[in-house]
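Reader: I am new to protein structures and would like a close look at one part of this one. Please keep the sentences short.

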Amino acid sequence: EGQVLPAHCFSRDFIDLDSSQWYHKYTDYVIERGLMNGMSQEKFAPNGILTRGQLVTMLYRYAKATGQDVTGQADLSQFVDAGKVAGWAEAAVAWALKEEILEGYPGSYLLPRGSATRAQAAVIFCRYGQL
């Protein structure tokens, strides 16, 4: 997720994606539209854990691709672990905070590299749907 892949990348470019799997048409969709990148040039990691930063980055890219205004940015410096937000996720995390899609944890933590639980993902998607 940290690398930006060329726009021409498709799921067939990743050695760990199998066109016979149930998720194939969905990975094609998100890859072709630039909503998700691979974990490297060769691996997509379809069974990998999704981080909070990755989750809001996908939503940010989707919002941007569908013409939504994603210019609002919260100040990340108010969070103790702001430095742990990956460069590729900074704009997305700042946008998600500004739009109140993402919230910090007690003690002023973002936990951007922490895995998103199913409950957190449900809340984030519902908040996004209310924009």
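Which residues does leucine 59 touch, not counting residues up to four places away in sequence? Please show me where that residue sits in the whole chain, too.

Author: A word of care comes before the answer. This is a predicted model. Leucine 59 touches Trp95, Ile101, Ile124, Phe125 and Tyr128, leaving aside residues up to four places away in sequence.

Now place the residue. Leucine 59 lies in helix 2. Its relative accessible area is 5%. Buried means under 20%, so leucine 59 is buried. Another leucine can be located from here. Leucine 35 is 24 residues from leucine 59 in sequence. In space, the two are 7.9 Å apart, C-alpha to C-alpha.

Helix 2 covers residues 52–65. It holds arginine 61 as well. Arginine 61 has 17% relative accessibility, so this residue also counts as buried. Arginine 61 and cysteine 126 are 65 residues apart along the chain. Their C-alpha atoms are separated by 17 Å.

Next, step back to the whole chain. The protein chain has four helices and zero strands. Along the sequence, the pattern reads α-α-α-α. The C-alpha trace spans about 45 × 30 × 25 Å along its principal axes. A compact globule of 131 residues would have a radius of gyration near 14 Å. The protein chain has 15 Å, which agrees.

How is the chain packed? Buried residues make up 40% of the 131 residues. Consider the contacts with a separation of 6 or more. Residues 24 or more positions apart account for 68% of them. The surface can be described too. The protein chain exposes about 7,800 Å². Carbon and sulfur atoms supply 53% of that area. As for charge, there are 12 positive and 14 negative charges. The mean positions of the two sets are 3 Å apart.

Now look inside. In soluble globular proteins, nonpolar side chains tend to be buried together. Here, the largest nonpolar core has 33 residues. Leu76, Val93, Trp95 and Leu97 touch the most other members. Helix 1 (24–32), helix 2 (52–65), helix 3 (90–98) and helix 4 (118–129) each supply at least two residues of this core. Trp95 is a name you have met already, as one of the residues that leucine 59 touches.

Take Leu76 from that core. Leucine 76 touches Ala82, Val85, Glu90, Val93, Ala94, Leu97 and Leu110. Again, residues up to four places away in sequence are not counted. Two of the names in that list, Val93 and Leu97, stand beside Leu76 among the residues that touch the most other core members.

Helix 1 deserves a look as well. Its residues Thr27, Asp28, Val30 and Ile31 are buried. Glycine 34 follows helix 1. The phi of glycine 34 is positive, near 75°.

Then comes the loop between helix 1 and helix 2. Alanine 45 is found there. Most residues other than glycine have a negative phi, and most peptide bonds are trans. Alanine 45 is not a glycine, yet its phi is positive, at about 60°. Its relative accessibility is 31%, so alanine 45 counts as partly exposed. Alanine 45 touches Asp16 and Met39, not counting residues up to four places away in sequence. Alanine 45 and leucine 17 are 28 residues apart in sequence. Their C-alpha atoms are 7.9 Å apart in space.

Proline 46 lies in the loop between helix 1 and helix 2 as well. At 27% relative accessibility, proline 46 counts as partly exposed. Proline 46 touches Asp16, Leu17 and Tyr23, with residues up to four places away in sequence left out. Asp16 is thus touched by both alanine 45 and proline 46. Proline 46 and cysteine 126 are 80 residues apart along the chain. Their C-alpha atoms are separated by 23 Å.

One more loop remains. Leucine 111 is found between helix 3 and helix 4. Its phi is near 55°, a positive value in a residue other than glycine. With a relative accessible area of 37%, leucine 111 is partly exposed.

Return now to where we began. Leucine 59 is buried, whereas leucine 111 is partly exposed. Leucine 59 lies in helix 2, and leucine 111 is in a loop.

Definitions and conventions
Residues are numbered from 1 along each chain as its sequence is written. This is a predicted model: local features need pLDDT of at least 70, side-chain atom pairs count only at pLDDT 80 or more; totals for chains, interfaces and linings use all residues. Side-chain values use heavy atoms; hydrogens and water are left out. The radius of gyration is taken over C-alpha atoms; the globule rule is 2.2 Å times the number of residues to the power 0.38. Buried means under 20% relative accessible area, exposed over 50%, partly exposed in between (1.4 Å probe, protein chains only). Contact means heavy atoms within 4.5 Å. Accessible areas come from the Shrake-Rupley method with a 1.4 Å probe; for residues, only the protein chains shown count as cover. Lys and Arg count as positive and Asp and Glu as negative; His and the chain ends are not counted. The place of a charge is taken as NZ of Lys, CZ of Arg, CG of Asp or CD of Glu. A nonpolar core is a set of buried Ala, Val, Leu, Ile, Met, Phe, Trp, Tyr and Cys residues joined through side-chain atoms within 4.5 Å.
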